[in-house]
Amino acid sequence: MKNLLLSAAFLFCMSISGAFAQDGPDRLGIAGHNHLALQVKDIQVSAKFYREIMGLTPIPVPDNLKAIRAWFNVGNGQQIHLLAGRTTPIVHDKDGSHFALFVDDIVKSEQFLKAHNIQFHKQVRFDGITQIYFPDPDGYLFELNEKKK
């Protein structure tokens, strides 16, 4: 349930991105998205995946947190923070909790996943956009969409 709430909170923040500038007594006053925190079973395995497969740039972590945290730059001031200590299974599926990202070339992304033996599901969305879904080592599901040109 905690993971479902985390995913819902992330998707909520992303869905209101057009309303970030709005402020007032009837608004929360959100000014932007900072980071998404994911609890992981093995910080070293997950950090390697986010660095080598996701291609994200690591962000320095304070020395006293290095054993239990890994932070990554997603771009545009947004980050993914990995937190050690997960003990329960993650259950994500393409019709439920997942994180959607844009890629420049979906064919290259598919080739990359195949070359690294990453299992994935590929489908064409209702509007003709190809989507690829794949999990990280903990089961968090990522959706890739090619940006329309």
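## The nonpolar core

In this predicted model, the largest nonpolar core is made up of 25 residues, and those with the most contacts inside it are Leu 38, Tyr 50, Leu 82 and Phe 134. Two or more residues of this core come from each of the elements β1, α2, β3, β4, β5 (99-103), α3 (106-115), β7 and β8, and α2 gives the most, with four residues. A core of this kind fits a broader tendency, for in soluble globular proteins nonpolar side chains tend to be buried together.

Leu 82 shows how one core residue can meet distant parts of the chain. When its neighbours within four places in sequence are left aside, Leu 82 is in contact with ten residues that can be listed in full: Leu 38, Val 40, Ile 43, Ser 46, Ala 47, Tyr 50, Ile 68, Arg 69, Ala 70 and Phe 72.

## Helix α2

Helix α2 covers residues 43-52, and its buried residues are Ile 43, Ser 46, Ala 47, Phe 49 and Tyr 50. These residues lie on the same side of α2, because they cover an arc of only 160 degrees around the axis. The spacing behind such a pattern is general: an α-helix has 3.6 residues a turn, so residues three or four places apart point the same way.

The cover over the buried residues of α2 includes the strands β1 (35-40), β3 (69-75), β4 (78-84), β7 (130-135) and β8 (141-146). At the N-terminal end of α2, Asp 42 acts as a cap, with a side-chain oxygen that lies 3.0 Å from the backbone nitrogen of Gln 44.

## Two buried aspartates in a loop

Asp 136 is found in the loop between β7 and β8, and Asp 138 has its place in the loop between β7 and β8 as well. Are these residues buried or exposed? Asp 136 has a relative accessible area of 4% and Asp 138 has one of 7%; since buried means under 20%, Asp 136 counts as buried, and so does Asp 138.

The side chain of Asp 136 has polar partners in the backbone, with one of its polar atoms 2.8 Å from the backbone nitrogen of Asp 138, while the backbone nitrogen of Gly 139 is reached at 2.9 Å. Not counting residues up to four places away in sequence, Asp 136 touches Phe 49, Tyr 50 and Phe 142, and its C-alpha atom is separated by 7.4 Å from that of Ser 46, although the two residues are 90 residues apart along the chain.

Asp 138, for its part, has a polar side-chain atom 2.8 Å from the backbone nitrogen of Lys 41. Beyond its neighbours within four places in sequence, Asp 138 is in contact with Val 40, Lys 41, Ser 46, Arg 86 and Ile 90.

## The largest pocket and Asn 145

The largest pocket has a volume of about 750 Å³. It is lined by 29 residues, of which Val 74, Ala 100, Leu 101, Phe 102 and Val 103 are the closest to its centre. Strand β5 gives the most to this lining, with five residues, and the elements that each supply at least two residues are α1 (2-15), β3, β4, β5, α3 and β8.

Asn 145 is found in strand β8 and is buried, with a relative accessible area of 6%. Its side chain is joined to that of Glu 143 by a polar contact of 2.6 Å. Apart from residues up to four places away in sequence, the residues that Asn 145 touches include Ala 100, Leu 101, Phe 102 and Val 103.

Key. Residues numbered from 1 in each chain as written. Predicted model: local features only at pLDDT ≥ 70, side-chain atom pairs only at ≥ 80, totals over all residues. Heavy atoms only, no water. Buried < 20%, exposed > 50% of the residue type's maximum accessible area, 1.4 Å probe, protein only. Arc of directions from axis to C-beta. Contact = heavy atoms within 4.5 Å. Polar contact = N/O pair within 3.5 Å; in protein donor to acceptor, adjacent residues only side chain to side chain. Core = buried A, V, L, I, M, F, W, Y, C linked by side-chain atoms within 4.5 Å. 1 Å grid on protein atoms, 1.4 Å probe; cavity = no way out; pocket = protein on both sides within 12 Å on 5 of 7 lines; lining within 4 Å. Points joined across faces, edges and corners; volume = space filled by probe spheres on them.
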